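Student: Please take one helix of this structure and examine it closely. I should then like to see how other parts of the chain are packed and how far the details may be trusted.

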Amino acid sequence: MPLLPDEEDTRKVQTAVAGSPGADHPVYLPMDGADFDRFIRAYPAREFYCGTLLGGCGRKLSARKYRDKKCHFAHVVSGRCRRVSTNEASADHLYIGRALAAWMKKQKYKNVQVRYKQRGQSLREVVDVTYTRDGDVHRHLMRVQLARGSKAEWERTDAGLHGQWAGVQWLFGPDSMLANWQVDRQGHAIRIQCRPLGVTRVVEVGVQFPDSPVEWVSLSQCRMTAHGIQAPALEPTESGLVPRGRVTPSPTRTVVRSHSAVRRAERRAERSPSASGDPAPAVVAHTSTTSGPLPAALTLDHIRAREDKEAVERLTVLLDHLDQVGDDLHLDRIRTVLREVRACEESLWCRPSATLRARVAAWRAHAAAMAARPTLREICAYAELVRWTLGVTARTGRPLTWMELGARLDGRLPALHPDDKVSILVEVDRWTCSDRPLLSALVAARGNRVHPLYADVLDHLDRPVPAPDKAQASWEEDLRSHRRFRELRGGQFVITNSGASSLVLP
């Protein structure tokens, strides 16, 4: 029910933004009256708003001090506010975004930007922090996943992000269950949360392992590395970040990390034959931090099969992503996904199925073909040469084939992809007057026939496209128009009409 004009909204709001309605500067009003004075001294302007980045109405809020109940913000102007969450955690996405941005800038990362609004998602589902490394023009992404979701949805999103960014780092909020899938993939996951501290909320980071509780530390105790966020519980190695001081890997993770390690284990087993005279099977036992019997020992074949299953699942997700959006991706993004594909292939003990190999080969061939195609700058350079040659040819009206253009200008022209040929001809005629025939009409197929690509050029330039059965006649009329417009007599251009008279232009 709307409030009366002289009434104030007394709903308890613990978080707001300072400065302006669209600001990302969150403020937290402590519930205890003893902390109220210290809070107000930190914000003498008292410019508090029900921020739009909080899902609020943008109206001004006032800080209310109470001694017999909880202190809170209240709307100054009456009206309906559709803000869903108003508690102390409702601005945690803003605290996290600002803290991560300041943390990255302190480590000298460049072009750090924070984005809270994602298409098709609510404000408090994800936080994206983008940045570049020193000396690297490619942008990287750090995504904070705050909302829950399914494994399939997360893997699709992960594959899509790896296709868009040079690198992707995941952090998971306290309510996101997706961290468990990240633990299954790489042995640990980075968690992030906020907790109240006086008149503010501080951001903490923890590392989730499969066999121990999360230990939370201040964000300032962590640093960003090429392999991801390094917290005190992790230490860097040549292959990436690993648990600090842990000799035995996690029970839910693959124990054997490389082909060479397994081969060494097999050789040790061969040197220590069993009583029956046969080589003892190489096994790897798991340890458990919980009470009860230890899990059964796993053979190397079991470990290999589990590794292959995970790698094939990841490989399938990447290929499905390419099949869905690969045609619209830039070559650099396709190469990024293919590097992930190669990493999956190299982690496999057995060759993937023939179907997967064929799909990978097809996308690698597609990337190679894209790399061989000319760039926009090369297209424009080709267009300059072709435009000059066709301008000379227009005086006679005799068309040229792509083979003849290649012989005159560049031997690579005839072998170009049809789309690139169309792009060249579109650039040739981009500034041709609408009342003049296209120079592209002077590129013909063998046998003095209209070239199949001519209709595409007309369509790109918003010219009328004749019906297929009339294409040859329309093209021949364009050639005749060139002869009429370009006939040179005595150093003057002459336009010859269908009648006996003629008009001489100066």
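Tutor: Let us begin where the helix ends. Helix α4 is followed by Gly187, a residue whose phi is positive, near 95°. The model is predicted, and every value below is computed from it.

Which residues of α4 are buried? The helix runs over residues 179-186, and its buried residues are Ala179, Gln182 and Val183. When one looks down the axis of α4, these buried residues fall within an arc of 105°, so they line one face of the helix. The general rule is that an α-helix has 3.6 residues a turn, so residues three or four places apart point the same way. What covers the buried residues of α4? The cover includes one helix, α3 (151-164), and the strands β9 (168-172), β10 (189-197) and β11 (200-209).

Two of these strands lead to the side chains of aromatic residues and their partners. The rings of Trp170 and Phe172 have centres 5.9 Å apart and planes at 10°; the limit for stacking is 30 degrees, so this pair is stacked. Trp170 and Phe172 are both buried. Arg201 has a ring partner as well: its charged end sits over the ring of Tyr28, 5.8 Å from the ring centre. A second case of this kind is Arg304, whose charged end sits over the ring of Trp349 at 4.6 Å from the centre.

The aromatic pairs deserve a wider view. Nine such pairs are counted in the model. In one of them, Phe39 and Phe73 have ring centres 6.1 Å apart and planes at 70°, so the pair is edge-to-face. Phe39 belongs to helix α1 (residues 36-42) and Phe73 to strand β5 (residues 72-75), so the pair ties together parts that are 34 residues apart in sequence. Both of these phenylalanines, Phe39 and Phe73, are buried. Ring pairs also link Phe39 and Phe73 with Tyr43 and Phe48 into a cluster.

Strand β5 brings us to a sheet. The sheet is open and has five strands in the order β2-β1-β3-β4-β5, with antiparallel pairing. Its edge strands are β2 (26-28) and β5, each of which pairs on one side only. Within the sheet, strand β3 (residues 48-49) and strand β4 (residues 60-64) pair in the antiparallel sense over two bridges. Tyr49 stands opposite Lys60 in β4. In general, the strands of a sheet pair through backbone hydrogen bonds, either parallel or antiparallel.

A further helix shows the surroundings of a single side chain. Tyr382 is placed in helix α9 (residues 376-393). Is Tyr382 buried or exposed? Its relative accessible area is 9%, and since buried means under 20%, Tyr382 is buried. Leaving aside neighbours within four places in sequence, Tyr382 is in contact with Pro374, Asp410, Arg412, Leu413, Leu416 and Ile424. The C-alpha atoms of Tyr382 and Leu425 are separated by 9.2 Å, although these two residues lie 43 residues apart along the chain.

Positive phi values also occur in residues other than glycine. Asn448, which is not a glycine, has a positive phi of about 55°. Asn448 lies in the loop between β19 (444-445) and β20 (449-450), and at 48% relative accessibility it counts as partly exposed. Asp462 likewise has a positive phi, near 60°. Asp462 is found in the loop between α12 (454-460) and α13 (471-486), and with a relative accessibility of 71% it counts as exposed.

Consider finally the chain as a whole. The protein chain has 13 helices and 23 strands, and buried residues make up 42% of its 506 residues. Of the contacts with a separation of 6 or more, 55% are accounted for by residues 24 or more positions apart.

As to trust, the protein chain averages a pLDDT of 80, and 82% of the residues score at least 70. Over residues 1-10 the pLDDT is below 50, and this stretch has 15 contacts in the model beyond near neighbours in sequence. Over residues 247-296 the pLDDT is also below 50, and this stretch has 68 contacts beyond near neighbours in sequence. Where pLDDT is low, the predicted coordinates should not be read in detail.

Definitions and conventions. Residues are numbered from 1 along each chain as its sequence is written. Side-chain values use heavy atoms; hydrogens and water are left out. Buried means under 20% relative accessible area, exposed over 50%, partly exposed in between (1.4 Å probe, protein chains only). Helices (H or I, at least four residues) and strands (E, at least two) are DSSP runs, numbered from the N terminus. The arc is that of the directions from the helix axis to the C-beta atoms. Contact means heavy atoms within 4.5 Å. Rings of Phe, Tyr and Trp (its six-membered ring) pair if their centres lie within 6.5 Å; planes under 30 degrees apart count as stacked, over 60 as edge-to-face and the rest as tilted. A charge sits over a ring if NZ of Lys or CZ of Arg is within 6 Å of the ring centre and within 35 degrees of the ring normal. pLDDT is the predictor's confidence in each residue, from 0 to 100. Two strands pair if DSSP finds at least two bridges between them.
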